[in-house]
Amino acid sequence: MRIIVAGGDGFCGWPTALYLSKQGHDVTIVDNLARRKIDEELHSNSVTPIASLEDRVAKWKEVSGKEIKTFIGDLNHYDFLREVFRQVEPEAFVHFAEQRSAPYSMIDREHAAYTQSNNVIGNLNVLYAIKEFAPECHLIKLGTMGEYGTPNIDIEEGYIEIEHKGRKDLLPYPKQPGSFYHLSKVHDSHNIMFACKIWGIRATDLNQGIVYGLHTEETRMDPMLVNRVDYDGVFGTALNRFINQAAIGHDITVYGTGGQTRAFLNIEDTVRCVEIAAENPAEKGEFRVFNQFTEWFSVQDLADRVQKVAKEEGLETQIKNIENPRIENEDHYYNAVNTKLRDLGLEPHLLTDDVIRDILKTAIENKDRIIEENVLPSITWK
């Protein structure tokens, strides 16, 4: 299959591109390298040193014998995107190419506007490119479980049957996003659903949980193929922050009470979920939603797990509850459905102590790269 992986230089996109290439697909990466530029803006970095995209794909060809083509450019530039579609003629378009940090979107007006214009208009351009140049192409779009928020009822997969005043209908599940970033994902979902309805586009919205993990089988093949690890208060997930804090002897800092519960997914399952979606495309005109996660934890659960593994590795670290910079419920109900991908063959990799230990050892090996002042929150919703 001819597959474009937009955002293929990023944390989810890079291992996905390698995995799909190894499975025999003809993979093309499209990326504007914005994530690397944001590192410079924030004076931050990946714990793991990552090679340039050019060197990465050259090394992949050397170790695997398979070629991944690259286009450096922005989905917001439609002339560029049109040329990519003309040359590749994609059968699937995997869309990871969005600004993905909630804190980054909350820095100020400029960053909120950038996040929404970059994400929403870029995605709209993809929809038009599919309509005009590849109408049979299947859009596989990375959404987020954060679109749903934390409702006091079970979270269904995309849709919910509502009975109101004696009548029933199947409607999109209500959205309660918690940042301007999460709002951009909601806007994407609405635009995709509308495009499927009016143009007959095939689309799968992957409402993904928080991704953890470091390696896939492919990124282990050579040090130059290693994936990035974010640890700072802007792009680092809670688990990554906790692990890297432990590696440098810093307190593990939990926002508020730590009762916030979120869905999680191993990076090895991310790449497999994309493959499942590609091999089982949506029907023409169908807007399909998969909740892409395997388990859920509270923030406090994660802190306790990291502290335990760190202690086993000879690292003494304390858990400290700090003021929550976000506006969110810290004690809430959370129960989400995630059956569709399992029904199609997903066999989950769960968060074990060994997975935490693997990331911790990498952080320890590279702890001279960890900028200590970056491991605490610097952005507030308030």
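Start by selecting strand β4 and colouring A92, F93, V94 and H95. Both faces of this strand are covered: A92 and V94 are buried on one side, and F93 and H95 are buried on the other. Keep in mind as you look around that this is a predicted model.

**The neighbours of β4**

Next, add strand β1, residues 2-6, to your selection. β1 and β4 run parallel and are joined by 4 bridges. To see how they line up, click on I4, which stands opposite F93 in β4.

Now bring in strand β5. It pairs with β4 in the parallel sense, again over 4 bridges. Here the residue to click on is A92, which stands opposite H138 in β5.

**Salt bridges across the chain**

Side chains of opposite charge can pair when their charged atoms come close. This structure holds 31 salt bridges, and a few of them make good stops.

Stay with β5 for a moment and select K141 together with D188. Their side chains meet in a salt bridge, with 3.1 Å from N to O. The pair links distant parts of the chain, since D188 sits in helix α7 and K141 in strand β5 (residues 138-144), 47 residues apart. Are these two buried or exposed? D188 counts as buried because its relative accessibility is 0%, and K141 is buried too, with a relative accessible area of 1%.

Follow helix α7 to K185 and show E98 as well. These two form a salt bridge whose closest N and O atoms are 3.3 Å apart. E98 lies in the loop between β4 (92-95) and α5 (102-105), while K185 belongs to helix α7 (residues 180-199), so the pair ties together parts that are 87 residues apart in sequence. Both E98 and K185 are buried.

**A bridge within one helix**

For another kind of stop, select R82 and D79. Their salt bridge has its closest N and O atoms 2.5 Å apart. Where do the two residues sit relative to each other? They are 3 residues apart in helix α4 (residues 78-88), which means that about one helical turn separates them. Try showing the surface here: R82 counts as partly exposed, at 34% relative accessibility, whereas D79 is exposed, with a relative accessible area of 55%.

**A network of charges**

Now jump further along the chain and select R305, K308, E312, E313, D353, D354 and R357 together. Salt bridges link these residues in a network. Showing their side chains as sticks will help you trace it.

**The second largest pocket**

Rolling a probe the size of a water molecule over the atoms shows where empty space is left. To find the second largest pocket, which holds about 190 Å³ of space, select Y19, E268, V271, R272 and H349. Of the 13 residues lining the pocket, these are the closest to its centre.

Which helix gives the most to this lining? Helix α9 (residues 267-279) does, with 4 residues. If you colour the lining by class, you will find 3 nonpolar, 4 polar and 6 charged residues.

**Zoom out**

Finally, show the whole chain as a cartoon. Its secondary structure comes to 12 helices and 14 strands. The C-alpha atoms fill a box of roughly 65 × 55 × 40 Å along the principal axes. For 382 residues, a compact globule would have a radius of gyration near 21 Å, and the 20 Å of this chain agrees with that. Colour by burial as a last step: 56% of the 382 residues count as buried, among them A92, F93, V94 and H95, where the tour began.

How values were computed. Residues numbered from 1 in each chain as written. Predicted model: local features only at pLDDT ≥ 70, side-chain atom pairs only at ≥ 80, totals over all residues. Heavy atoms only, no water. Salt bridge = Lys/Arg side-chain N within 4 Å of Asp/Glu carboxyl O. Buried < 20%, exposed > 50% of the residue type's maximum accessible area, 1.4 Å probe, protein only. Pairing = 2+ DSSP bridges. 1 Å grid on protein atoms, 1.4 Å probe; cavity = no way out; pocket = protein on both sides within 12 Å on 5 of 7 lines; lining within 4 Å. Points joined across faces, edges and corners; volume = space filled by probe spheres on them. Nonpolar A, V, L, I, M, F, W, Y, C, P; charged D, E, K, R; others polar. Rg over C-alpha atoms; globule rule 2.2 N^0.38 Å.
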